[in-house]
There are 2 protein chains.
Amino acid sequence: MNHKTISLIFVLATFLAACQSTLQTNDVNGDVVEQLQDQALSSDLAFEILASLTSEVGPRMGGSEGDKLAVKWAIEQMRNLGFDRVWTEPVNFPQWLRKSESAQALVVRKPKDPDVLKWMEDRSIKIEPSVYDLAVTALGGSPSTNGEIEAELLQFDTLEALEAATTEEVTGKIVFLSTRMRRSRDGAGYGETVVNRSRGPFVAASKGAVALLIRSVGTDNNRLPHTGMISGTEEGEPVPSAAVSNPDADNLMMFLSGKEPVNIRLNLDVGFEEEITSFNVVGEFDGRDDVTEFVMLGAHLDSWDLGTGAVDDGAGVALVMAAAKLVADLPSRPQYGIRVVLFANEEQGIYGGKTYAKLHQVELGSHLVGAESDFGADRIYQFRTRVLPEAEPEMQKLAGYLERLGIERDLEKPAGGGADIGQMRKIGLAAIDLRQDGSRYFDWHHTANDTLDKVEPENLQHNLAAWVTLTYLTADTKTGFGPVEPSE
Amino acid sequence: MNHKTISLIFVLATFLAACQSTLQTNDVNGDVVEQLQDQALSSDLAFEILASLTSEVGPRMGGSEGDKLAVKWAIEQMRNLGFDRVWTEPVNFPQWLRKSESAQALVVRKPKDPDVLKWMEDRSIKIEPSVYDLAVTALGGSPSTNGEIEAELLQFDTLEALEAATTEEVTGKIVFLSTRMRRSRDGAGYGETVVNRSRGPFVAASKGAVALLIRSVGTDNNRLPHTGMISGTEEGEPVPSAAVSNPDADNLMMFLSGKEPVNIRLNLDVGFEEEITSFNVVGEFDGRDDVTEFVMLGAHLDSWDLGTGAVDDGAGVALVMAAAKLVADLPSRPQYGIRVVLFANEEQGIYGGKTYAKLHQVELGSHLVGAESDFGADRIYQFRTRVLPEAEPEMQKLAGYLERLGIERDLEKPAGGGADIGQMRKIGLAAIDLRQDGSRYFDWHHTANDTLDKVEPENLQHNLAAWVTLTYLTADTKTGFGPVEPSE
């Protein structure tokens, strides 16, 4: 079947559904949904899954030993939860390794007394620089410095300022991009500053820099730098690149406010190794009817190596598994199936999501709608949709039940589907976004601080209540949600 | 002169002062004090001094290169501020060095399926443990592990529980004290849990343990462990000892909740080296009159090595220097002098304070009163006094002006004088404590997170206003405050 045929069938189904007296169905659904929500609001299941993942697996960077353990863990968890089918799908990517990383700032402090200074200069007495250790972490995908390098630090407020600089200025220098990320509920500050991390290494290279330091793309003031991937799609080769923590970035600014140049010693033993294989882990609960269609819930199984990946994206993994379980355990299953996909190596280039979309594009019609949890563990405040116009009554029903949880609908923008499921959205998958409050997310994101203690069990329960609502209402419906117009 | 004679003179002076019409003096003082307070509330001086110390010197653990730099910095700063005299006094102590530190937890995860487990056991298949890196830091004064050691982890809720354990239970184990510090304004939670750090290493040794891990004595949830000294006065030899961060301590508790024993690999390359000399740095402003008496303000110049010592105790250093400067810059100096003492190596055993007290005990009578700032940089909410009864009217005057800043007097307990000046209090020095809100202090105390960004300039200004009040009122008085009854 091509997309148009599928679309037509869905439109027809919607029409037929609309012809029925929907009142009774809604009422029945209503009881079930409210009970499900209440159950979720007092359920420990998501937190238990998350605690198991963060303590029994811990850090699980794509391709690492922890990643292998995570795949085993996910299979075992899904089996224990009673998924009707559990399988894996291989995902290939180049393995990037972090072996060691260190950086120091070298600052020359000349005596403030001009007589003393002249006395020293007359005698050619060299002032040895003071050495300050920086809290630093290599950016994912960075090449190695191949031993320690030392060069003068050249600071720019923004990537645009670096782009406007001449090659002459920058050549031979270590560039420092000092832009600070602003805090916001929807994480808009991340989009504004993450270009330093993604494109900075290539722009610095194009200007002749020998390396790049960025201020961490994060909203905290902890001495824990934020890692994250440099872009995989830019032209050219990036320079060796690392992030310093916010307090260290502040200190670099203080050093640079002096009269003397500041040198940086940088030693990054990191880089790409062989191609390696990890796995998307997929689990399915059947629907009430013998059908091939299912609702797709997703999160990514991998994390960065510095923390235990509790908020990114252990919480998402736990939520979609727990939501599927609660809905499947109803006395009467919803009509359609529920597929949970735990994606491999989202962090280093959305490898799991891209691989899934390629493999499953021919069965797009079986995917009723997709939704992904990958923005921490704080409360959901809003939702967005990207569905066929004829599914609007169903979305209004969803809105009604989510309103009960204090979640509003945003009609300004369509749902994106998340990084991984967004790959399927690009080819036409309908999507719903349950949008979490991201005010605190970037305090911990991609740092050693991403650990279980950052997750409040009640917030996870609130999330779970929204997820069971979405899962049940989309899996137990006569309306088609998509396919929708493909969009980038 | 002996103390009794001094006391008598002070009593006499108080009596004479009381006979005068004090109203006019008070009014004049009043204008000056209020102007001083207002000036302090808008002064950047303390923050500027602190920014200079944390960026130009940075970490300054007793005996380190940073410590030497700090002594030079302090001399230069005091000279630039126009102190009438600046000098140093040698302080000797054994140098303790942190070269490297690491720890891992080894956790065996057996398959949950009993059939699989039996299958493996029948074939004597050994399950390799998973290895988890812990965020760990050696406690100051810890001996080295002399290479990597590995032993089973044995957890106790409290030090009392460890004390109650048998030697048989503990021998050969690595003890884990998991007590969590509670948050409080006055830092009472610190006193309750710091015994794990100070006495734990000796108790663990007496029970036959090979090493000690403690949960960090801190109120935060950052992956940044809290260092701090083990006691220097206990009998016997301590075991190698380290603190894990709070999130890592949580994770250890999760590991220990499993059925299998948890092993720890610990490698601490640390320990005492040669005896070394650092310096108390002392600066004085003369009083209006040609007298030998002065008010003593103190803070400690050293910090731990992990952070830049902004809240512990850079803020104190900045405050007492700035307060002395503001008061000395008045059109008319107060009657008596102001002595600022920046103590050496408080962190590792109050070496500067003890050395100062020994050297200066014969001139106790010249020290009118002592006050120390060493509890961070948040607002002062309360003050305590330890003075002669006849100084009570002066204390009430002080209370009146501090009330203007929202600071209340606590009459329940006498002032302690702080760690360093407390050494002089023990031999009879009168003392006043300006007590800071310590609710956030132990989030950063003794960690890499102790950096300038944790200090809010307005809070430092509020502190400064209280410090100029105390300094001016005690230096411009006819009343003696001490000596008081010596007390431990």
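Analyst: Let's start with a definition: two residues are in contact if their C-beta atoms, placed from the backbone, lie within 7 Å. This is a predicted model, in which local features need pLDDT of at least 70 and side-chain atom pairs count only at pLDDT 80 or more, while totals for chains, interfaces and linings use all residues. Residues are numbered from 1 along each chain as its sequence is written, and chains are lettered from A and ligands numbered from 1 in the order in which they are written.

User: Thanks! What makes the copies meet through the same surface?

Analyst: Of the interface residues of chain B, 100% are also interface residues in chain A, so the same surface serves both copies. By the contact rule, 27 residues of chain B touch 27 residues of chain A.

User: Which elements give two or more residues to the side of chain B that touches chain A?

Analyst: They are α3, α4 (65-80), β2 (130-134) and α10 (246-256) of chain B. Helices here are DSSP runs of H or I with at least four residues, and strands are E runs of at least two, numbered from the N terminus. α10(B) gives the largest share, six residues. That side divides into ten nonpolar, nine polar and eight charged residues. Ala, Val, Leu, Ile, Met, Phe, Trp, Tyr, Cys and Pro count as nonpolar, Asp, Glu, Lys and Arg as charged, and the others, Gly among them, as polar.

User: Why are the two copies said to be related as by a two-fold rotation axis?

Analyst: Chain B superposes on chain A by a rotation of 180° with 0.0 Å of shift along its axis, at RMSD 0.0 Å. The two copies are thus related as by a two-fold rotation axis. The fit is by least squares on C-alpha atoms of residues with pLDDT of at least 70 in both copies.

User: Why is α3(B) called oblique to α11(B)?

Analyst: Helix α3 (residues 45-57) and helix α11 (residues 310-328) of chain B pack at an angle of about 135°, with their axes 8 Å apart. Angles under 35 degrees count as roughly parallel, over 145 as roughly antiparallel, 65 to 115 as roughly perpendicular and the rest as oblique. The angle therefore makes α3(B) oblique to α11(B). Among the residues making this contact are B:Leu53 of α3(B) and B:Met321 of α11(B). The contact residues divide into twelve nonpolar, two polar and one charged.

Note on methods. Axes fitted to C-alpha atoms, helices over the stretch in contact; angles between N-to-C directions.
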